[in-house]
Structures are given as structure tokens and as C-alpha cells.
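The following note is offered to a student who is reading this structure for the first time. Please keep the sequence and the model in view while working through the numbered points.

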Amino acid sequence: MPTKKRGTGLTAVADAWQLADIDVSASYPIRPYTAVMAELAKRIANGTMKCEMVHGEGEHAQFSIAHGASMAGARATTGSSGVGVTYAFETYSPIAGSRCPIQALIGDRTLDPPGDFGSEHTDCLTLRDNGWIYGWAQDAQEALDNSLMYFRIGEDPDIMLPQIVAMDGYFVTHIAQDYIMPDQAEVDKFLPKFNPKFRLDVKNPVIMGPQIEPEMGPPLEWDRHVVMTRVKQKIVQATEEFAQVFGRTYAPFVEEYMTEDADMVYVLQGAHAVTCRSAIQYLRQHGYKIGMCRLRWFRPFPDEALARILPKFKVAGVIDTGTSYGAPCAGGVLSTEVKAAMSEVAGKPIIQSFTSGLGGETITHEEFFAMAEMMKQTLKTGKLIQSGTWVNFNDYHEGASQINAAKTEAAPSK
């Protein structure tokens with residue numbers, strides 16, 4: 001029977017990996033991801049989990065170990081955070097290119113500088129062009145559920161791609177919350193055993209990862225492109241089957257919140273959606289017709305879903321929780337991708353870029369109110385007044401009196 005459990009996002013992923021009966025996990029400590037490996041080590045030592053844990057001498061080795069284990073036919077996992085993610089950068093494309101569906105947990109963290117250990121999406125977003133599939137979990141329940149769904153999608157014989165279960169460091173990795181632990185029989189029904197068509201086997205030798213001639217490269221690249229486009233169909237299928245087996249329903253690509261009659265909408269991903277919902281409830285009480293669209297996937301990017309959803313609104317405020325210095329319109333990666341996805345869509349909204357929540361800072365109610373007021377000014381004038389806004393740094397100030405009034409009224413409820 002499914003049971004309620006209290007734990008963190010890291011505990012939830014450890015539960016998912018145990019339920020998935022992983023064969024090998026490779027580790028190297030860096031906070032905030034480290035605790036998931038400590039949890040696995042404890043379970044292995046106590047005899048409650050059967051798994052080979054291999055400790056690397058660094059992140060590069062750690063991902064290489066998982067790569068080799070997957071090539072040998074093992075269901076393998078690993079993970080990292082922040083600068084550890086970038087230290088292993090050389091390994092990501094070979095893992096995806098050799099179609100090894102390892103799963104990595106990334107509890108995201110800001111890069112250096114400033115190296116302040118706080119949550120930021122920048123580390124994960126540096127991987128966006130390497131052929132991995134991934135998205136952000138907003139809480140522990142989704143961290144567990146995403147882990148199971150990602151195994152199912154990534155290990156599909158038509159896909160065979162590595163996955164990143166991304167979550168906001170500390171906000172999701174370390175804050176305890178309630179979640180439902182599924183029954184083992186349910187997981188076994190949803191997630192079949194990993195059985196790759198090709199594996200390293202001394203009795204049946206194959207060549208994997210060879211160096212090739214230049215003219216052989218483009219067809220390989222094209223094949224990787226085709227496979228990534230095929231993932232979207234598998235996401236829809238896996239999400240529907242997940243709901244049937246476990247009774248929890250997710251939007252395949254974009255979750256909508258209070259969007260039925262909205263003129264304006266926040267577009268974001270990750271744990272700040274939790275605060276965003278409560279800010280929207282307050283704003284609704286004060287006459288703002290605003291809602292939220294939360295991306296559940298970043299790769300493959302949900303461009304078709306956004307093209308269907310966003311034209312319902314007049315202004316879309318895209319919130320980046322990461323940096324991309326020198327990006328178009330002073331925005332970040334998410335706003336750049338949303339704008340690209342909407343560039344040829346008829347009736348698209350005015351897209352306003354915000355950067356907030358850097359360095360592990362909470363995006364507060366007051367900051368959501370300020371963004372809403374700036375979006376309201378854009379809506380009122382019918383044109384984009386300021387393209388790239390770093391909240392609390394270069395905010396558009398014509399609506400300052402309304403913003404300050406909202407801050408004053410909201411202060412007692414903090």
C-alpha cells in the first residue's frame with residue numbers, strides 16, 4: 001500500500017531509486033546534492049537496499065563511472081551541484097551520444113562567483129545543448145515522481161537518453177515535507193527492468209563509443225536530434241500512464257494555475273512556483289487578473305505547449321532564476337527560449353523578462369507584486385516598457401506608489 005512519509009527532496013529521490021532497484025550509483029560529495037548519496041550509502045550498509053556504490057575521485061570520474069556501468073547494462077545513477085556540474089562537463093555529450101540512460105540528480109546551486117551556495121538554475125542550464133532530458137521538480141513529491149517517470153522515458157528502447165532530475169537546492173533538497181511513497185508493485189507495473197539492446201559483454205563483443213571519420217559525424221548528430229524530438233510523445237504517454245497507475249495527475253509539459261480569466265501570467269519553473277501561487281491568491285483579491293504557467297520540462301523544450309497556452313494572455317512575465325550574461329534583451333535562458341518559441345505564433349502576448357531569486361534568495365511576495373505591477377503597466381500601455389528587469393536592481397518605477405502600497409498591506413502576513 002502507498003504510505004505517507006516526511007522527508008526532503010533528496011530523501012524522495014533516494015526512495016525513488018530504491019523503488020527503481022538501481023544497480024550502480026556513483027558519488028562524489030558537493031552540497032546540496034550530497035545527502036542523497038549519504039542516504040543511499042546508509043541503506044546499502046543496513047542491508048535494506050542492494051546496490052553497488054562507487055566513489056569517484058571527482059565529478060568527472062563520478063559521471064564516467066555511471067557511464068561505464070550503463071554501457072555494461074546497469075541501471076545507473078549519479079548527481080552533483082553547482083561547480084561540480086561544470087567540472088564534469090566533458091562527460092555529458094558522450095553519455096548522451098552513446099545512448100546511456102543514466103539518471104542524475106542535480107540539486108542546483110549558484111556557480112562561482114559569488115559561490116554563495118544558494119539555489120540557482122544556472123548550473124543545470126549550462127547542460128541544455130548536450131542531449132540530456134530534464135526539468136525541475138517543485139517539491140519532494142514531484143522529485144520522487146519525476147525520477148520514476150524519467151527512468152521510464154529515458155530507458156524506452158526508442159529513446160535511450162540520460163536524464164536530469166533537477167530541483168532547487170535547499171528549497172527542495174533540504175526542506176522536509178510530506179509525500180506519498182508508492183507501493184513497490186505499482187512501481188514494478190509502471191517501470192520495467194532495464195534491458196538495453198546493446199551492452200558491453202565479453203561473450204558478445206560490440207564496439208561502443210569509437211572514434212569515427214568526419215563524414216560519419218553529421219548522420220550521428222541528426223539521429224540525436226530525431227530522438228530528442230521523439231521524446232515529447234513519450235512524455236505524454238508516460239504522464240498518462242503514471243496517472244493511471246499511481247493516481248497522481250500532472251500536466252505533461254506546462255502546469256496552469258488560475259489562468260481561466262487571466263490577462264497576465266507568470267512563466268517560471270521550479271520551487272518558486274509554491275510562493276508564486278500564494279502571491280497570485282493575494283493579487284487576485286486585489287483586482288489583478290493574473291495566473292501562472294509552470295514548465296515541467298526544459299529539455300525537450302515545451303514550445304508547442306506554450307504556443308497553445310500563452311496566446312490566451314496579453315502579457316507573459318518570464319522569471320529567470322539563473323543568469324546568461326549578454327543574452328538578448330538582458331534576459332536569461334528561460335526568457336530567451338520562451339521568446340524564440342513564441343516568435344512566429346499569431347496572437348502571442350507581450351513577453352516581459354524578469355531575473356529574480358539568484359544566489360538562493362527567495363522570490364518574495366513583494367517581488368511577485370512588483371513584477372505584477374510592472375506587467376500591469378505594460379498591459380495598460382499595450383507595449384513593452386522595459387524588456388529585461390533584474391528585480392530589486394533596475395525595476396521599472398512608474399508604478400512605485402502601487403508597489404509600495406502592496407508591500408505595506410502585505411507586510412503583516414509575511
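1. Helix 12, residues 333–342, lies across four strands: strand 10 (264–268), strand 11, strand 12 (315–320) and strand 13 (350–355). Its direction is about 145° to that of strand 12. Please note that the model is predicted.

2. The strands beneath this heading belong to an open sheet of 6 strands, ordered 9-11-10-12-13-14, with mixed pairing. Strand 9 (254–257) and strand 14 (388–390) are the edge strands, and each of them pairs on one side only. Between neighbouring strands of this sheet the turn is 25° on average, direction ignored.

3. How do strand 9 and strand 11 run with respect to each other, parallel or antiparallel? They run antiparallel, and 4 bridges join strand 9 to strand 11, which covers residues 290–295. Within this pairing, Val254 has Leu295 in strand 11 as its bridge partner. As a general point, the strands of a sheet pair through backbone hydrogen bonds, either parallel or antiparallel.

4. A further open sheet deserves separate treatment. It is formed by 6 strands in the order 3-2-4-5-7-6, and its pairing is parallel. Its edge strands are strand 3 (52–55) and strand 6, each of which pairs on one side only. From one strand to the next, the twist averages 20°.

5. Strand 7 may be followed through its two pairings. With strand 5 (residues 103–108), strand 7 pairs in the parallel sense over 6 bridges. Here Ala104 stands opposite Ile164, and Ile106 stands opposite Ala166. With strand 6 (residues 133–137), strand 7 (residues 163–168) is joined by 5 bridges, and these two strands also run parallel. In that pairing, Gln163 is the bridge partner of Ile133, while Gly135 stands opposite Val165.

6. Which residues of strand 7 are buried on each side? In a regular strand the side chains alternate between the two faces of the sheet. On one side of strand 7 the buried residues are Gln163, Val165 and Met167; on the other they are Ile164, Ala166 and Asp168. Both faces are thus covered, and 6 of the 6 residues of strand 7 are buried. Strand 6 is likewise mostly covered, with 5 of its 5 residues buried, although strand 6 is an edge strand that pairs on one side only.

7. Arg152 should be examined individually. This residue lies in helix 7, which spans residues 140–154. Is Arg152 buried or exposed? Arg152 has a relative accessible area of 18%, and it is classed as buried because the limit for that class is under 20%. Leaving aside neighbours within four places in sequence, Arg152 is in contact with Phe190, Leu191, Pro192, Gln237, Ala238 and Glu241.

8. The last point concerns the surface. Phe198, Leu200 and Val206 make a nonpolar surface patch of about 270 Å². One of these residues, Val206, lies in the loop between helix 8 (184–190) and helix 9 (217–246). Val206 has a relative accessible area of 36%. Val206 is therefore partly exposed, since this class lies between buried, under 20%, and exposed, over 50%.

Conventions:
Residues are numbered from 1 along each chain as its sequence is written. This is a predicted model: local features need pLDDT of at least 70, side-chain atom pairs count only at pLDDT 80 or more; totals for chains, interfaces and linings use all residues. Side-chain values use heavy atoms; hydrogens and water are left out. Two strands pair if DSSP finds at least two bridges between them. Axes are lines fitted to C-alpha atoms, for helices over the stretch in contact, and angles run from 0 to 180 degrees between N-to-C directions. Contact means heavy atoms within 4.5 Å. Patches are made of residues with over 30% relative accessible area and no salt bridge: like charges are joined within 9 Å, nonpolar side chains (Val, Leu, Ile, Met, Phe, Trp, Tyr) within 5 Å. Accessible areas come from the Shrake-Rupley method with a 1.4 Å probe; for residues, only the protein chains shown count as cover. A salt bridge is a side-chain nitrogen of Lys or Arg within 4 Å of a carboxyl oxygen of Asp or Glu. Buried means under 20% relative accessible area, exposed over 50%, partly exposed in between (1.4 Å probe, protein chains only).
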